[in-house]
Amino acid sequence: MIYAHAGGFGITIGAHRLWTHKAFKAKLPLEIILMLLNSIAFQSTAIVWIRDHRLHHKYSDTDADPYNASRGFFFSHIGWLFVKKHPKVIEKGKTIDISDITNNPVLKFQQKYAIPVIGMCCYVIPTLIPIYFWNESFTNAFYLNVFRHVYGLHVTFSVNSVAHIWGNRPYDKTINPTQSIIVSLC
Ligand SMILES: [Zn+2]
(Lines give C-alpha, C1' and ligand atoms only; values in the text may rest on other atoms or scores of the structure.)
Protein backbone atom coordinates (compact mmCIF):
# COMPACT_ATOMS: atom_id res chain seq x y z
CA MET A 1 0.00 0.00 0.00
CA ILE A 2 2.77 2.44 0.95
CA TYR A 3 4.80 1.58 -2.13
CA ALA A 4 1.80 1.95 -4.47
CA HIS A 5 1.11 5.43 -3.09
CA ALA A 6 4.79 6.39 -3.21
CA GLY A 7 4.88 5.54 -6.91
CA GLY A 8 1.61 7.42 -7.42
CA PHE A 9 3.14 10.56 -5.91
CA GLY A 10 6.12 10.18 -8.26
CA ILE A 11 3.64 10.54 -11.12
CA THR A 12 1.12 13.05 -9.74
CA ILE A 13 3.46 15.36 -7.82
CA GLY A 14 6.65 14.72 -9.81
CA ALA A 15 6.05 13.97 -13.49
CA HIS A 16 2.68 15.75 -13.65
CA ARG A 17 2.55 18.81 -11.38
CA LEU A 18 6.25 19.65 -11.04
CA TRP A 19 7.87 18.68 -14.33
CA THR A 20 5.07 18.79 -16.93
CA HIS A 21 3.14 21.79 -15.63
CA LYS A 22 5.74 23.59 -13.45
CA ALA A 23 3.03 24.09 -10.82
CA PHE A 24 5.65 24.63 -8.09
CA LYS A 25 9.42 24.85 -7.65
CA ALA A 26 11.50 22.16 -6.00
CA LYS A 27 15.03 22.18 -4.61
CA LEU A 28 17.49 19.44 -5.56
CA PRO A 29 16.78 17.02 -2.65
CA LEU A 30 13.02 17.04 -3.41
CA GLU A 31 13.68 16.57 -7.13
CA ILE A 32 15.83 13.53 -6.34
CA ILE A 33 13.15 12.07 -4.04
CA LEU A 34 10.46 12.63 -6.68
CA MET A 35 12.65 11.09 -9.38
CA LEU A 36 13.06 7.96 -7.22
CA LEU A 37 9.30 7.86 -6.50
CA ASN A 38 8.70 8.29 -10.22
CA SER A 39 11.00 5.31 -10.85
CA ILE A 40 8.90 3.23 -8.42
CA ALA A 41 5.86 3.80 -10.68
CA PHE A 42 7.83 2.95 -13.87
CA GLN A 43 5.66 4.59 -16.51
CA SER A 44 8.51 4.92 -19.00
CA THR A 45 11.17 7.48 -18.05
CA ALA A 46 9.99 10.84 -16.74
CA ILE A 47 11.36 12.67 -19.81
CA VAL A 48 9.28 10.54 -22.21
CA TRP A 49 6.22 10.82 -19.94
CA ILE A 50 6.49 14.61 -19.71
CA ARG A 51 6.91 15.09 -23.47
CA ASP A 52 3.85 12.90 -24.17
CA HIS A 53 1.87 14.68 -21.49
CA ARG A 54 2.62 18.19 -22.74
CA LEU A 55 1.58 16.97 -26.19
CA HIS A 56 -1.60 15.51 -24.71
CA HIS A 57 -2.58 18.85 -23.15
CA LYS A 58 -1.77 20.93 -26.20
CA TYR A 59 -3.66 18.70 -28.65
CA SER A 60 -6.14 17.03 -26.29
CA ASP A 61 -8.40 14.45 -27.98
CA THR A 62 -7.06 15.05 -31.50
CA ASP A 63 -4.80 12.82 -33.65
CA ALA A 64 -1.74 14.54 -32.16
CA ASP A 65 -2.77 13.46 -28.65
CA PRO A 66 -0.84 10.24 -27.82
CA TYR A 67 -3.82 8.91 -25.86
CA ASN A 68 -6.58 10.47 -27.96
CA ALA A 69 -9.84 9.59 -26.17
CA SER A 70 -11.90 10.21 -29.32
CA ARG A 71 -10.46 6.90 -30.62
CA GLY A 72 -12.39 5.05 -27.93
CA PHE A 73 -11.99 3.65 -24.45
CA PHE A 74 -9.50 0.87 -25.24
CA PHE A 75 -7.18 3.06 -27.31
CA SER A 76 -7.05 5.84 -24.71
CA HIS A 77 -6.58 3.35 -21.87
CA ILE A 78 -3.82 1.01 -23.08
CA GLY A 79 -4.25 0.47 -26.84
CA TRP A 80 -2.05 3.47 -27.68
CA LEU A 81 0.92 1.54 -26.30
CA PHE A 82 0.33 -1.41 -28.65
CA VAL A 83 0.22 0.40 -31.98
CA LYS A 84 2.55 2.64 -33.94
CA LYS A 85 2.22 6.33 -33.04
CA HIS A 86 -0.10 8.37 -35.24
CA PRO A 87 2.03 10.46 -37.68
CA LYS A 88 0.57 13.62 -36.10
CA VAL A 89 1.90 12.56 -32.67
CA ILE A 90 5.40 12.29 -34.14
CA GLU A 91 5.07 15.50 -36.15
CA LYS A 92 3.67 17.65 -33.32
CA GLY A 93 5.84 15.90 -30.72
CA LYS A 94 8.89 17.49 -32.35
CA THR A 95 7.39 20.95 -31.83
CA ILE A 96 6.92 20.56 -28.05
CA ASP A 97 9.53 22.45 -26.05
CA ILE A 98 10.99 20.18 -23.39
CA SER A 99 14.39 21.90 -23.12
CA ASP A 100 13.76 22.59 -19.41
CA ILE A 101 13.31 18.85 -18.91
CA THR A 102 16.17 17.61 -21.10
CA ASN A 103 18.49 20.06 -19.26
CA ASN A 104 17.34 18.89 -15.82
CA PRO A 105 20.29 16.92 -14.31
CA VAL A 106 18.06 14.74 -12.12
CA LEU A 107 15.87 13.67 -15.05
CA LYS A 108 18.90 13.26 -17.32
CA PHE A 109 20.32 10.88 -14.71
CA GLN A 110 17.10 8.81 -14.65
CA GLN A 111 17.06 8.70 -18.46
CA LYS A 112 20.73 7.69 -18.73
CA TYR A 113 20.58 5.01 -16.03
CA ALA A 114 16.96 4.02 -16.66
CA ILE A 115 17.44 0.25 -16.44
CA PRO A 116 19.39 0.09 -13.14
CA VAL A 117 17.52 2.99 -11.44
CA ILE A 118 13.98 2.01 -12.46
CA GLY A 119 14.79 -1.71 -12.14
CA MET A 120 15.92 -1.24 -8.53
CA CYS A 121 13.06 1.10 -7.53
CA CYS A 122 10.22 -0.69 -9.30
CA TYR A 123 11.21 -4.35 -8.98
CA VAL A 124 14.31 -5.28 -6.95
CA ILE A 125 13.77 -3.26 -3.74
CA PRO A 126 10.02 -3.90 -3.31
CA THR A 127 10.59 -7.63 -3.87
CA LEU A 128 13.47 -7.79 -1.37
CA ILE A 129 11.80 -5.77 1.45
CA PRO A 130 9.14 -8.38 2.37
CA ILE A 131 11.60 -11.26 1.92
CA TYR A 132 14.18 -9.64 4.20
CA PHE A 133 11.93 -8.07 6.86
CA TRP A 134 9.16 -10.61 7.33
CA ASN A 135 10.35 -13.75 5.53
CA GLU A 136 7.87 -13.53 2.70
CA SER A 137 8.41 -16.10 -0.06
CA PHE A 138 10.00 -14.86 -3.27
CA THR A 139 6.91 -15.83 -5.27
CA ASN A 140 4.51 -13.88 -3.03
CA ALA A 141 6.80 -10.86 -2.81
CA PHE A 142 7.48 -10.77 -6.54
CA TYR A 143 3.92 -11.20 -7.76
CA LEU A 144 2.33 -8.89 -5.20
CA ASN A 145 4.76 -6.21 -6.39
CA VAL A 146 3.87 -6.96 -10.03
CA PHE A 147 0.25 -6.44 -9.00
CA ARG A 148 1.20 -3.13 -7.33
CA HIS A 149 2.93 -1.96 -10.54
CA VAL A 150 0.08 -3.04 -12.84
CA TYR A 151 -2.52 -1.48 -10.51
CA GLY A 152 -0.67 1.85 -10.64
CA LEU A 153 -0.49 1.70 -14.44
CA HIS A 154 -4.22 1.06 -14.81
CA VAL A 155 -5.15 3.85 -12.41
CA THR A 156 -3.03 6.26 -14.46
CA PHE A 157 -4.45 4.92 -17.73
CA SER A 158 -7.94 5.46 -16.29
CA VAL A 159 -7.28 9.20 -16.13
CA ASN A 160 -7.05 9.13 -19.94
CA SER A 161 -9.88 6.64 -20.53
CA VAL A 162 -12.49 6.47 -17.75
CA ALA A 163 -12.12 10.17 -16.87
CA HIS A 164 -12.59 11.19 -20.51
CA ILE A 165 -15.87 9.30 -20.82
CA TRP A 166 -17.70 9.00 -17.48
CA GLY A 167 -18.08 11.75 -14.87
CA ASN A 168 -19.35 15.31 -14.66
CA ARG A 169 -17.92 18.34 -16.43
CA PRO A 170 -18.22 21.26 -14.02
CA TYR A 171 -15.81 23.56 -15.88
CA ASP A 172 -16.37 23.06 -19.60
CA LYS A 173 -19.13 20.84 -20.96
CA THR A 174 -17.70 20.92 -24.49
CA ILE A 175 -14.53 18.95 -23.70
CA ASN A 176 -14.07 15.26 -22.98
CA PRO A 177 -12.17 15.31 -19.64
CA THR A 178 -14.36 14.79 -16.57
CA GLN A 179 -14.21 14.87 -12.80
CA SER A 180 -14.30 11.15 -11.99
CA ILE A 181 -14.77 10.25 -8.33
CA ILE A 182 -13.88 6.59 -9.03
CA VAL A 183 -10.56 7.45 -10.64
CA SER A 184 -9.80 9.98 -7.89
CA LEU A 185 -10.44 7.39 -5.18
CA CYS A 186 -8.34 4.72 -6.94
ZN1 LIG B 1 -1.70 17.43 -17.05
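1. Let's start at the surface. Met120, Val124, Ile125, Leu128, Ile129, Tyr132, Phe133 and Trp134 together make a nonpolar surface patch of about 840 Å². Please keep in mind here, and in every point below, that this is a predicted model.

2. One member of that patch, Ile125, belongs to helix 8, which covers residues 114-134. Its relative accessibility is 35%, so Ile125 counts as partly exposed; the patch takes in residues with over 30% relative accessible area.

3. Gln111 is worth a look next. This residue sits in helix 7, residues 105-112. With a relative accessible area of 35%, Gln111 is partly exposed. Leaving aside residues up to four places away in sequence, Gln111 touches Thr45, Ile47 and Val48. With Thr45 there is also a polar contact, side chain to side chain, at 2.5 Å. For a further reference point, the C-alpha atoms of Gln111 and Ala41 are 14 Å apart, with their positions 70 residues apart along the chain.

4. Which residue in the loop between helix 2 and helix 3 deserves a check of its backbone? That would be Ser44, found in the loop that follows helix 2 (28-41) and leads to helix 3. Ser44 is not a glycine, yet its phi is positive, at about 65 degrees. Most residues other than glycine have a negative phi. As for exposure, Ser44 has 33% relative accessibility and therefore counts as partly exposed.

5. A second positive phi turns up at Asp61, again in a residue other than glycine, with a value near 60 degrees. Asp61 is in the loop between helix 3 and helix 4. Is Asp61 buried or exposed? At 15% relative accessibility it counts as buried, because the cut-off for buried is under 20%.

6. My last point concerns Asp65, in the loop between helix 3 (46-58) and helix 4 (73-77). Asp65 is buried but has no salt bridge. How far away is the nearest side chain of opposite charge? It belongs to Arg71 and is 9.4 Å away, whereas a salt bridge needs the charged atoms within 4 Å.

7. What, then, surrounds Asp65? Not counting residues up to four places away in sequence, Asp65 touches His56, Tyr59, Ser60 and Val89. A polar atom of the Asp65 side chain also lies 3.0 Å from the backbone nitrogen of Tyr67. If you open the model, you can view this spot together with Asp61, which is in the loop between helix 3 and helix 4.

Technical notes: Residues numbered from 1 in each chain as written. Predicted model: local features only at pLDDT ≥ 70, side-chain atom pairs only at ≥ 80, totals over all residues. Heavy atoms only, no water. Helix = DSSP H or I, 4+ residues; strand = E, 2+ residues; numbered from the N terminus. Buried < 20%, exposed > 50% of the residue type's maximum accessible area, 1.4 Å probe, protein only. Contact = heavy atoms within 4.5 Å. Polar contact = N/O pair within 3.5 Å; in protein donor to acceptor, adjacent residues only side chain to side chain. Lys, Arg positive; Asp, Glu negative; His and termini not counted. Patch = residues over 30% accessible without salt bridge, like charges linked within 9 Å, V, L, I, M, F, W, Y side chains within 5 Å. Areas by Shrake-Rupley, 256 points an atom, 1.4 Å probe, with all protein chains shown as cover.
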